[in-house]
Every structure is written in C-alpha cells, then in structure tokens.
Amino acid sequence: MMKNVSVLDHPLIQHKLSLLRDKNTGSKEFKELVSEIAMLMCYEATRDLPLKEVEIETPLAVAKTKVISGRKLAFVPILRAGLGMVDGVMELVPAAKIGHIGIFRHPETHMPIEYYSKLPVDIEEREVIVVDPMLATGVSAVDAITNLKARGVKQIKFMCIIAAPQGVEALTSAHPDVQVYCASIDEGLNDNLYIIPGLGDAGDRLFGTK
Ligand code: URA
C-alpha cells in the first residue's frame, strides 16, 4: 500500500459503498449513504487525535478521564460534491467549523481556478480535514490544499470515498505531509476523467442535476 494512504476497509463502509456505486440507487438514498460513509470514515480519520487527562466528578467520585486536546478541527468541502459529506462528519464533531472552497478548471489553460473560498477566521490554528467524495485527477485536491497551506494551515488530512490511482499519486507527491483516507482505490480514469468503475458524477447524483 502506498505511503500516506489509508483504505478504510470497515465492513459497514464497504457495504455502503457497494450500494452507493449501484446505478439504481436514487438521489435520496445516495445522499444518505454519502453522509453515513463520511461519518464512518471520519471516525477512522480522527483515530489519532491527541488526548489529555482531566478529572471529572461523577455523581460518586472523581474520575481521571480523557478528552480531546490539541488543535480544533475544521472541515473543508470542495464544492460541490464535498457538501454531501458535511452532515455526516458534523454528526461526529459538532464543534468543528466548516470552510468552503470552490475550484474549476480553466477551459483553455486547464489550470485550477479557485472561484470561491470562505474559511473560518482562525483556520491556521485548526487541523483541517478536506472532503470531496471523488479523487479523480487530484487537481482540485492539490490546489485546495496548496491554498490552505498558503493561509497558514499546518495540519491537513484529505478524505474521499473513491480515489483513482492517478489522483492518489498526484496528491501524495504534491503534499507528502497530508494523510489521505479513502474507501476504495479504483482502476483508473476514462477519457472524460471519470473514475472507473466509480459511481458516476457524485455531484449530479447528490443533487439530482442529471
Ligand atoms: N467526479 C465525479 O463526480 N465522478 C468521477 O468519477 C470523477 C470526478
């Protein structure tokens, strides 16, 4: 397995991923599945959060117990499909802040253009988990993370549901310090840069735009 890439093989994630891939899965169920998978993946991706010991008074005695310490979290969905993962991750970390980044490819130069960015004011003090269900060429993910680093963010993870080998390669070489979490690394990309076998266009399936 490639360094810095965790393929989350929990049976619940894998089962829900199969339902998600099915072309007969409708928009309502698709949205619910993306959210559930994002929640389960977030559970795994936050496994290394540091803890500190605190004392809590129970009704009976003082307990030495643990709470999460260290940086606060922010989730940053890449528009538009990344939005589908926000509800699920926020179920687990309700105190997290959310930033939004929108990127498109310039039709002639093919360079990524960030057309929208709204981030929490204290983003540089937070650990950031960037979310986008599909890591295809990796162009948007690389660019979003480059921009977050330019804003001073030091700890970044990337969470997608399906990755193409090309995207994983592009992301891990551009940002070797970023841990990548996915539920599957698929075969590759077709001529239209869709992941094969993938699940089709995640944004269209989430929002019913096709
Ligand atoms: N974006 C999608 O929604 N699907 C793909 O297969 C690739 C990128």
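Student: Does C42 count as buried or exposed, and how is this to be read?

Tutor: Buried means under 20% relative accessible area, exposed over 50%, and partly exposed in between, with a 1.4 Å probe and protein chains only. C42 has 0% relative accessibility and therefore counts as buried. C160 is likewise at 0% and is buried.

Student: On what basis are such values obtained?

Tutor: This is a predicted model, in which local features need pLDDT of at least 70 and side-chain atom pairs count only at pLDDT 80 or more, while totals for chains, interfaces and linings use all residues. Residues are numbered from 1 along each chain as its sequence is written, and side-chain values use heavy atoms, with hydrogens and water left out.

Student: How many disulfides are there?

Tutor: A disulfide is a covalent bond between the sulfur atoms of two cysteines. The criterion here is a pair of cysteine sulfur atoms within 2.5 Å, and by this rule the count is zero.

Student: Why does C42 form no bond with C160?

Tutor: The C160 sulfur is the closest cysteine sulfur to that of C42, yet the separation is 14 Å, too far for a bond. C160 is in no disulfide either, its nearest cysteine sulfur being that of C182, 5.0 Å away.

Student: Which residues are around the ligand?

Tutor: A residue is near a molecule if one of its heavy atoms lies within 4 Å of it. Around the ligand are M134, A136, L193, Y194, I195, G200, D201 and A202.

Student: Where are polar backbone atoms placed relative to the ligand?

Tutor: A polar contact is a pair of N or O atoms within 3.5 Å. A polar backbone atom of G200 is 2.8 Å from a ligand nitrogen. Backbone N or O atoms of I195 and of A202 each lie 2.7 Å from an oxygen atom of the ligand.

Notes
A polar contact is a pair of N or O atoms within 3.5 Å; within protein, one must be able to donate a hydrogen and the other to accept it, and residues adjacent in sequence count only if both atoms are side-chain atoms.
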